[in-house]
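Here are my notes for your first reading of this model, set out as numbered points. Please keep the sequence and the structure open beside them as you go.

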Amino acid sequence: MTGRVTLVGGGPGREDLLTVAALRALGSADVVLYDRLAPHSRLSELAPDAELVDVGKRPGHHAIPQSEIEAILVGHALAGRHAVRLKGGDPYVFGRGGEEVLACHRAGVPVEVVPGVTSAVAVPGAAGIPLTHRGVSHLFTVVSGHAPLTDDELHHLAGLGGTIVVLMGVNTLPMLAAGLARHGMRASMPVAIVERGFRRDQRTTIADLAGIVTAAGVAGVGSPAVVVVGEVVRLAHEGDQSAAQLMERAAGFAAVAA
Ligand SMILES: C[S@@+](CC[C@H](N)C(=O)[O-])C[C@H]1O[C@@H](n2cnc3c(N)ncnc32)[C@H](O)[C@@H]1O
């Protein structure tokens, strides 16, 4: 008898942000394929009967190629097992969930997708940044910074208003900042970079568009991080620090480094 595949959105990394449906899928899994951004420290308890496979995706380094992950999922299901693919955030937000669903359809394997809390919304929120705020921003755009945006995309983004959220955007931050400025975004627009959202070592760096690349360099900002561009950044707070204090801190570091 054919088994099944469940793609599970694991949220931004904290276990209590797994949904009830995610826990249910893990509890009935025979095999779980997971990667580093999904909460995985207690998988042996959450999926007690499952073989656990770390497919170990890291930026620029795909430990197991995507086509092989799809073949493994389909192979387990065709052998009658319940295979769970546990991903960070939501499977359909830069998560290649669509490709895995198509692979299952092609193989005639039943597949279900359990949505997850996406880092695009939750990680800014963990730094106190609402993506929309009445009178400040009534739209947000989520883009991938995995590859630099085209000039046309930067032109539209710079003119759109609202909030811009960039995932996988640390390496391409200089191109983003320069491109938005070139297309007319004002130099004083606030930008936040929230690293390691929901972890104990979460850190938020804030500067204006003109200074964010220097601030990020001085702070040694690294992945995983979510970049937020827009006036809503002024509402940020982390611990007892306001956006203004976070901005002053980054400016202070940059002045010392200069
Ligand atoms: C391949 S994308 C996957 C996104 C995921 N499907 C989602 O919905 O959140 C990975 C990127 O998500 C962001 N990300 C995910 N979890 C994060 C976290 N806890 N803190 C900061 N950024 C995170 C980073 O931009 C990271 O490079």
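1. Where does the ligand sit? In this model, which is predicted rather than determined by experiment, the ligand sits in the largest pocket. When you locate the pocket on screen, please also look at the two domains, because domain 1 (4-114) and domain 2 (119-257) both give residues to the shell around the ligand, so the ligand lies between them.

2. The shell itself deserves a careful look, since 19 residues surround the ligand, and the closest of these are V93, T118, S119, G197 and A225. By chemical character, the residues of the shell divide into eleven nonpolar, six polar and two charged. Among the secondary-structure elements, the helix α5 (119-126) and the strand β12 (225-229) each supply at least two residues of that shell.

3. Which backbone atoms come within 2.8 Å of the ligand's atoms is worth checking one by one. A backbone N or O atom of P12 lies 2.8 Å from a nitrogen atom of the ligand, while a polar backbone atom of M168 is 2.8 Å from an oxygen atom of the ligand. A polar backbone atom of A225, a residue already listed among the closest, is 2.7 Å from an oxygen atom of the ligand. With the protein in place, 91% of the 570 Å² of accessible area that the ligand has on its own is covered.

4. Please examine the peptide bond that joins S223 and P224, which is cis, with an omega of about 0°. In the chain, P224 belongs to the loop between the helix α8 (212-219) and the strand β12, and β12 is one of the elements that supply residues to the shell around the ligand.

5. Finally, the loop between β10 (190-195) and β11 (203-208) contains R196, and F198 lies in the loop between β10 and β11 as well. Although R196 is not a glycine, its phi is positive, at about 50°. F198, also a residue other than glycine, has a positive phi near 75°. When you inspect this loop, please note that G197 is listed among the residues closest to the ligand.

Notes
Residues are numbered from 1 along each chain as its sequence is written. This is a predicted model: local features need pLDDT of at least 70, side-chain atom pairs count only at pLDDT 80 or more; totals for chains, interfaces and linings use all residues. Side-chain values use heavy atoms; hydrogens and water are left out. A residue is near a molecule or strand if one of its heavy atoms lies within 4 Å of it. A polar contact is a pair of N or O atoms within 3.5 Å; within protein, one must be able to donate a hydrogen and the other to accept it, and residues adjacent in sequence count only if both atoms are side-chain atoms. Accessible areas come from the Shrake-Rupley method with a 1.4 Å probe; for residues, only the protein chains shown count as cover. On a 1 Å grid over the protein atoms alone, a cavity is a set of points where a 1.4 Å probe fits but cannot get out, and a pocket is an open set with protein on both sides within 12 Å along at least five of seven lines; lining residues have an atom within 4 Å of a point. A molecule sits in a cavity or pocket if more than half of its atoms lie within 2 Å of its grid points. Helices (H or I, at least four residues) and strands (E, at least two) are DSSP runs, numbered from the N terminus. Ala, Val, Leu, Ile, Met, Phe, Trp, Tyr, Cys and Pro count as nonpolar, Asp, Glu, Lys and Arg as charged, and the others, Gly among them, as polar. Domain bounds come from an automatic or database domain assignment.
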